[in-house]
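Please read the following report alongside the sequence and the model. It takes up two single residues and two helix pairs in turn.

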Amino acid sequence: MAEVPRAGTGEVDAAVAAARDAFPAWRAVAPGDRAAIMRAIADGIEAKLDTIARIEARNAGKPISDANGEIGMVVETFRYYAAGPERLLGKTIPVAGGVDFTFREPMGVVGLIVPWNFPLAIASWKVAPALAAGNTVVLKPAELTPLSALELEKIALEAGLPEGVLNVVVGPGSTCGQRMVEHPDINKIAFTGSTEVGRSIAEGAAGTIKRVTLELGGKSAAVVFADADIDKAAAAVPYAVFGNAGQDCCARSRILVERSQLDRFLEVMEGTVKAMRVGDPLDSSTEMGPLISASHREAVASFVPDERNVAFRGGVPEGPGYWFPPTVLAPVSNTERAAREEIFGPVACVIPFDGEEEAVRIANDTEYGLSGSIWTRDGGRALRVARAIDTGVLSINSNSSVRVSTPFGGFKQSGIGRELGPDALDHYTEVKNVYYSTEEGS
Ligand code: TAP
């Protein structure tokens with residue numbers, strides 16, 4: 001659909017040099033003026049929302065209605081963080097002999113590395129707070145989905161962002177990404193992607209003691225208790241796995257169902273999954289598109305080698321496309337490979353349990369801890385279980401996982417740090433402490 005230049009390490013070095021040169025002037029821009037530019041970027045994206053959503057849908061194969069929602073969230077993210085420059089508040093601390101106060105200073109040049117599943121949305125969760133805090137940015141989108149990031153760069157310049165403040169480098173992770181991680185003039189790396197690459201980034205960043213935030217994989221659980229509204233849960237839960245064709249770090253791909261309601265749950269879920277509209281991403285009624293690539297489809301298919309464990313599947317269109325049907329495996333034990341590894345595709349494992357204690361034990365029996373849901377009508381149980389599950393983001397009687405104004409990120413091997421909400425600004429600033437002596441003569 002498009003050709004883009006393929007950057008190498010030389011282009012990364014040039015981008016870092018441009019960002020470094022632009023940093024002193026950008027950090028010195030008055031907070032209100034920085035906020036105005038951020039708002040203008042939001043307006044610029046909003047004015048081209050339909051075009052960018054179409055680019056995203058065609059490039060990533062995601063349904064256009066989802067793409068519209070995602071680009072809407074990008075607008076919201078820039079508007080939310082436009083308030084950031086004027087909210088980088090310090091503290092005053094009582095000390096003897098003087099006054100002590102803190103500043104939140106920008107870090108310098110930050111390197112942002114993002115994946116292909118929510119290309120511009122995830123980029124904006126990083127770019128917006130980074131700019132708001134007064135940093136300059138080198139952004140590397142995934143090789144498979146560079147187009148919306150290039151649009152953002154153009155819009156930002158038109159909105160008045162000075163040259164060199166936001167630099168998009170389009171190239172492979174193994175060369176460009178790695179160079180960013182090792183570059184001595186980059187002060188922080190914010191990464192979203194696989195746990196495996198996240199681990200290598202943490203190691204690579206150690207050489208220059210870079211700050212690192214990581215948003216990595218997940219194997220989250222939706223826990224459905226027998227006292228829940230079973231029909232409502234069974235109709236909603238599939239969308240928390242099959243949304244974005246399962247290529248979602250928040251996918252609740254382990255569906256834990258209390259045994260006494262398992263049959264009813266599967267019956268309703270089957271109706272929902274079979275009715276799911278899988279097809280052309282540009283059709284506004286489509287709910288699930290194809291997978292991102294042939295090789296990714298192969299990787300997903302390896303989790304369903306035969307029909308033995310398949311309880312039911314949805315349909316896929318005839319013809320070309322990396323289609324994979326929404327697939328439900330049941331009953332699954334939490335020890336099976338499909339229940340342990342992140343599939344990142346439309347495959348759900350339904351795991352029966354008996355009682356609250358077992359539900360919590362199974363939900364926590366994973367190396368990940370990103371997302372999750374609890375379905376119950378018992379308010380006390382909902383909060384007890386929410387406190388007991390080791391995960392960064394939970395919803396009760398809902399599939400919700402991401403909001404611009406609330407923190408998002410993982411426990412355990414799902415990552416380090418938080419994006420979105422007020423917490424993200426902390427991750428793009430350093431704390432500076434200043435002591436001012438008030439003793440006479442000083
Ligand atoms: P990755 O292969 O990890 O790629 C993510 C980004 O890192 C891409 O831009 C990639 O570049 C780059 N990269 C690859 N190797 C690198 C290296 N050695 N050094 C620096 N950068 C490197 O993940 P993916 O396949 O795109 O996305 C799927 C994974 O991301 C899943 O495991 C999913 O759970 C995770 N994910 C997590 C979240 C959150 S919020 N936790 C959100 C979305 C996705 P190229 O692709 O251009 O080579």
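Leaving aside residues up to four places away in sequence, S401 touches C250, R252, S371, V393 and F408, where contact means heavy atoms within 4.5 Å. The model is a predicted one, in which local features need pLDDT of at least 70 and side-chain atom pairs count only at pLDDT 80 or more, while totals for chains, interfaces and linings use all residues. Residues are numbered from 1 along each chain as its sequence is written, and side-chain values use heavy atoms, with hydrogens and water left out.

S401 lies in the loop between β14 (395–396) and β15 (415–416); strands (E, at least two residues) and helices (H or I, at least four) are DSSP runs numbered from the N terminus. With a relative accessibility of 17%, S401 counts as buried, a term that means under 20% relative accessible area, determined with a 1.4 Å probe and protein chains only. The side chain of S401 also makes a polar contact with the side chain of R252, at 3.4 Å; such a contact is a pair of N or O atoms within 3.5 Å, of which, within protein, one must be able to donate a hydrogen and the other to accept it, and residues adjacent in sequence count only if both atoms are side-chain atoms.

K62 is likewise a loop residue, placed between α3 (49–60) and α4 (64–82). At 2% relative accessibility K62 counts as buried, and, again not counting residues up to four places away in sequence, K62 touches E56, A57, A67, E70, N117, F118, P119, N244 and P281.

The two helix pairs are set out below, with axes as lines fitted to C-alpha atoms over the stretch in contact and angles running from 0 to 180 degrees between N-to-C directions.

| Helix pair | Angle | Axes apart |
|---|---|---|
| α2 (residues 31–47) and α6 (residues 147–158) | about 125° | 9 Å |
| α14 (residues 355–364) and α15 (residues 379–388) | about 30° | 10 Å |

Helices α2 and α6 are therefore oblique to each other, whereas α14 and α15 are roughly parallel; angles under 35 degrees count as roughly parallel, over 145 as roughly antiparallel, 65 to 115 as roughly perpendicular and the rest as oblique.

For α2 and α6, the contact is made by I41, G44 and I45 of α2 with L152, I155 and A156 of α6, and these residues divide into 5 nonpolar, 1 polar and no charged. Here Ala, Val, Leu, Ile, Met, Phe, Trp, Tyr, Cys and Pro count as nonpolar, Asp, Glu, Lys and Arg as charged, and the others, Gly among them, as polar.

How values were computed
Buried means under 20% relative accessible area, exposed over 50%, partly exposed in between (1.4 Å probe, protein chains only).
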